[in-house]
Amino acid sequence: MFTAATALPCDAKQKKRLEDLVRAGKTPQKVALRAKIVLLAARGLSNNRIAKEMQTTRPTVLLWRTRFERFGYPGLLK
């Protein structure tokens, strides 16, 4: 079985930038999805639940959680 994921550390400034990405009309959909994944992970939702809610896969959730942990906000844009 999988171990439960901990809430992704995300400060107020990072959350604001991610929320702005999600709301912006010109944000590419793939970037908006990444931002939504990180926001849900910051709320402490499990990887499986995030995958289900975002209609994606658990490996995709893990990829963007890890990328955000390593590179922060800029890591989601590449």
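## Aspartate 20 and arginine 23

In this predicted model, aspartate 20 and arginine 23 both belong to helix α1, where three residues, about one turn of the helix, set them apart. Their side chains meet in a salt bridge, with an N to O distance of 3.2 Å.

Arginine 23 is exposed, at a relative accessible area of 57%. Aspartate 20 is partly exposed, and its relative accessible area is 31%.

## Lysine 16 and the network in helix α1

Aspartate 20 also takes part in a salt bridge with lysine 16, in which the closest N and O atoms are 3.0 Å apart. Helix α1 covers residues 12-23, and because lysine 16 and aspartate 20 are four residues apart in this helix, about one helical turn separates them. Lysine 16 counts as partly exposed, with 45% relative accessibility.

Lys16, Asp20 and Arg23 are thus linked in a network of salt bridges.

## The pair in helix α3

Which residue forms a salt bridge with glutamate 53? The partner is arginine 49, and the closest N and O atoms of this pair lie 3.0 Å apart. Both residues are in helix α3, which spans residues 47-54; because they are four residues apart there, the separation is about one helical turn.

Glutamate 53 is partly exposed, with a relative accessible area of 40%. Arginine 49 also counts as partly exposed, at 46% relative accessibility.

## Total for the structure

The structure holds three salt bridges. Side chains of opposite charge can pair when their charged atoms come close.

Terms used
Residues numbered from 1 in each chain as written. Predicted model: local features only at pLDDT ≥ 70, side-chain atom pairs only at ≥ 80, totals over all residues. Heavy atoms only, no water. Salt bridge = Lys/Arg side-chain N within 4 Å of Asp/Glu carboxyl O. Helix = DSSP H or I, 4+ residues; strand = E, 2+ residues; numbered from the N terminus. Buried < 20%, exposed > 50% of the residue type's maximum accessible area, 1.4 Å probe, protein only.
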